[in-house]
2 protein chains.
Amino acid sequence: MRILIVEDEPGIFNFLKQGLEEESYAVDIAEEGKKGLEMALSGEYDLLLLDWMVPGVSGIEICRQFRKDFKDTPVIFLTAKDTVDETIFGLQTGANDYIKKPFHFEELLERIKVQLRPKSGEHSVFKLGNITLNTSTHQVFKAEEEIALTQKEFALLEYLIRNKGLVCRRSRIIESVWDIHFDYNTGVIDVFINALRNKLKLGKEENYIQTVRGVGYIAKEL
Amino acid sequence: MRILIVEDEPGIFNFLKQGLEEESYAVDIAEEGKKGLEMALSGEYDLLLLDWMVPGVSGIEICRQFRKDFKDTPVIFLTAKDTVDETIFGLQTGANDYIKKPFHFEELLERIKVQLRPKSGEHSVFKLGNITLNTSTHQVFKAEEEIALTQKEFALLEYLIRNKGLVCRRSRIIESVWDIHFDYNTGVIDVFINALRNKLKLGKEENYIQTVRGVGYIAKEL
DNA sequence: TTTGCGCCATGAGAATTTTAATAGTAGAAG
DNA sequence: CTTCTACTATTAAAATTCTCATGGCGCAAA
């Protein structure tokens, strides 16, 4: 999932960029309104985080322009406490949510997830090369052949495919798939990656799940 | 967790009540403003859901009065689309969030969870009789003795204790602890309840985890 | 190119989790 | 009070998941 942040304060956008990237979002920054609008209109993004007060074109103007072309992409405003009442105007121009500064990162994350959920929920079928994964039936196919996977194997594959093309860090995999948030020190991931590669018969020609040395794994088309 | 809904339309409050109770919240309804304020001020609730347009004392007035005594209890407004701009005024008077009608139940649920999270996060130690469960160290004690539990055993016990005093339906347990949201047809819960009762040595005198025939289980003080 | 280090792959065994079968029990019906 | 039925308790075995040890391999430095 790609997120565009339009925000001029480095303290804030660096904090956001780092945090969101750790959550496996792909993040771009625009420090100024005109550039932000231009990037937003490129259509590359799944969600916009707009600062209310940004130099150049205002956040609300970006939102309005953006909405002309993109009716479904969620927009969240970051607003200072004392401009909350203006922000409501932003909501009327098509923003989906706003969050008051200072905010807890966790809360922002929740709101982002809420906004992105309906869209990702629509698609219950994901593809990776000739592999098809269906989250509603919990089935996996390699070409025409159904592959029987266990719960954890399925969950791991789903995580990798949902983040197709993005490097998945071990720590993030452990958190998302195993729900372990504390002293992480285990080799389970390797074992299950191994199991997936075997069951899916991924040889050298079909190396869809690649190792990223020192970091984790990545699922990608060849 | 106890939630008070102040809302006059039966169609809405019944829908909310049922949905939230399925999520193991305890829900009360006030169909009218004066009664709603009175109930809110009783201090029994962990969260308020206020309709903006409610007969008698207005939602915003309830919120303002309530805030005088309860600084930390979250308040969420349910607002019709065409009164959004007034709602901002509600946010300024101390509401924590609002949601536009018509809304997706899932989204409301997320927002409720967000608001309740910080409070429940504060406490990492839960008690049930002489049993102590610590979520940050992942330890469980029966009186002074530490009891070694496996992951699933711990998760199940945590779920039961977090919902202490409330009946936990099998379907909810399966969803929360096992993360299974589809055709549920298994006897795992029974097996793990059994394991917990054994490990915690719950005899007839210390029947902290009781069976609710046909529904599920309940953890309660004696 | 060779060496050395550290990370990853792999396989086997241990522990946990799940299934499935049987026995037991509460509550309804007769 | 007895019987029947449906649900729960308990146990053992099967399946999955996890740990651990060993060997292999990539990458960097010499």
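Visitor: In this predicted model, how far is a phosphate oxygen of DNA strand C from an N or O atom in the side chain of B:Trp178?

Guide: The distance is 2.5 Å, with the side chain of B:Trp178 supplying the N or O atom and DNA strand C the phosphate oxygen. A pair of N or O atoms is read as a polar contact when the two lie within 3.5 Å. The side chain of A:Arg197 also places an N or O atom 2.6 Å from a phosphate oxygen of DNA strand C. At B:Lys152 a backbone N or O atom takes this role, 3.0 Å from a phosphate oxygen of the strand.

Visitor: Which residues come nearest to DNA strand C?

Guide: There are 19 residues around DNA strand C, and those that come nearest are A:Asn194, A:Tyr217, B:Thr150, B:Trp178 and B:Thr186. By kind, the residues of this surface divide into 7 nonpolar, 6 polar and 6 charged. On the DNA side, 76% of the strand C atoms within 4 Å of the protein belong to sugar or phosphate, and the rest belong to bases.

Visitor: Which elements supply at least two residues of the surface near DNA strand C?

Guide: From chain A they are helix H8 (188–199) and strand E11 (209–212), and from chain B helix H6 (151–162) and helix H8 (188–199). H8(A) gives the most, with 4 residues.

Visitor: How should DNA strand D be read, and which residues are closest to it?

Guide: The same questions may be put to this strand. Here 20 residues surround DNA strand D, the closest being A:Thr150, A:Trp178, A:Thr186, B:Asn194 and B:Arg197. Sugar or phosphate accounts for 78% of the strand D atoms within 4 Å of the protein, with bases making up the rest. The surface near DNA strand D comprises 8 nonpolar, 6 polar and 6 charged residues.

Visitor: What lies 2.7 Å from a phosphate oxygen of DNA strand D?

Guide: A backbone N or O atom of B:Gly214 does. A polar backbone atom of A:Lys152 is 3.0 Å from a phosphate oxygen of DNA strand D, and the side chain of B:Arg170 has an N or O atom 3.3 Å from one. Two or more residues of this surface come from each of helix H6 (151–162) and H8 of chain A, and H8 and strand E11 (209–212) of chain B. H8(B) gives the most, with 4 residues.

Visitor: What does the UniProt annotation say of A:Asp51?

Guide: The unreviewed UniProt entry carries the annotation "modified residue: 4-aspartylphosphate" for A:Asp51. In the model, A:Asp51 is placed in strand E3 (residues 47–51) of chain A.

Visitor: Is A:Asp51 buried or exposed, and why?

Guide: A residue is called buried when its relative accessible area is under 20%. A:Asp51 counts as buried because its relative accessibility is 3%. Beyond its neighbours within four places in sequence, A:Asp51 is in contact with A:Val6, A:Glu7, A:Asp8, A:Gly59, A:Phe77, A:Leu78 and A:Lys101.

Visitor: How many salt bridges are found over all chains?

Guide: Side chains of opposite charge can pair when their charged atoms come close. A search of the whole structure finds 20 salt bridges. One of them joins A:Arg170 and A:Asp190, whose closest N and O atoms are 2.9 Å apart. A:Arg170 lies in helix H7 (residues 170–178) of chain A and A:Asp190 in helix H8 of chain A, so this pair ties together parts 20 residues apart in sequence. A:Arg170 is partly exposed at 23% relative accessibility, and A:Asp190 is partly exposed at 33%.

Visitor: Which strands of chain B hold B:Arg2 and B:Asp28?

Guide: The side chains of these two residues, B:Arg2 and B:Asp28, meet in a salt bridge at 3.2 Å, N to O. B:Arg2 lies in strand E1 (residues 2–6) and B:Asp28 in strand E2 (residues 26–30) of chain B, so the pair ties together parts 26 residues apart in sequence. In chain A, a network of salt bridges links A:Arg2, A:Asp28 and A:Glu44.

Visitor: What separates B:Glu61 and B:Arg64 along their helix?

Guide: An α-helix has 3.6 residues a turn, so residues three or four places apart point the same way. B:Glu61 and B:Arg64 are 3 residues apart in helix H3 (residues 59–69) of chain B, and are therefore separated by about one helical turn. Their side chains meet in a salt bridge at 3.5 Å, N to O.

Technical notes:
Residues are numbered from 1 along each chain as its sequence is written. Chains are lettered from A and ligands numbered from 1 in the order in which they are written. This is a predicted model: local features need pLDDT of at least 70, side-chain atom pairs count only at pLDDT 80 or more; totals for chains, interfaces and linings use all residues. Side-chain values use heavy atoms; hydrogens and water are left out. UniProt positions are given in the numbering used here, feature names are shortened, and annotations may be inferred rather than shown by experiment. Buried means under 20% relative accessible area, exposed over 50%, partly exposed in between (1.4 Å probe, protein chains only). Contact means heavy atoms within 4.5 Å. A residue is near a molecule or strand if one of its heavy atoms lies within 4 Å of it. A polar contact is a pair of N or O atoms within 3.5 Å; within protein, one must be able to donate a hydrogen and the other to accept it, and residues adjacent in sequence count only if both atoms are side-chain atoms. Ala, Val, Leu, Ile, Met, Phe, Trp, Tyr, Cys and Pro count as nonpolar, Asp, Glu, Lys and Arg as charged, and the others, Gly among them, as polar. A salt bridge is a side-chain nitrogen of Lys or Arg within 4 Å of a carboxyl oxygen of Asp or Glu.
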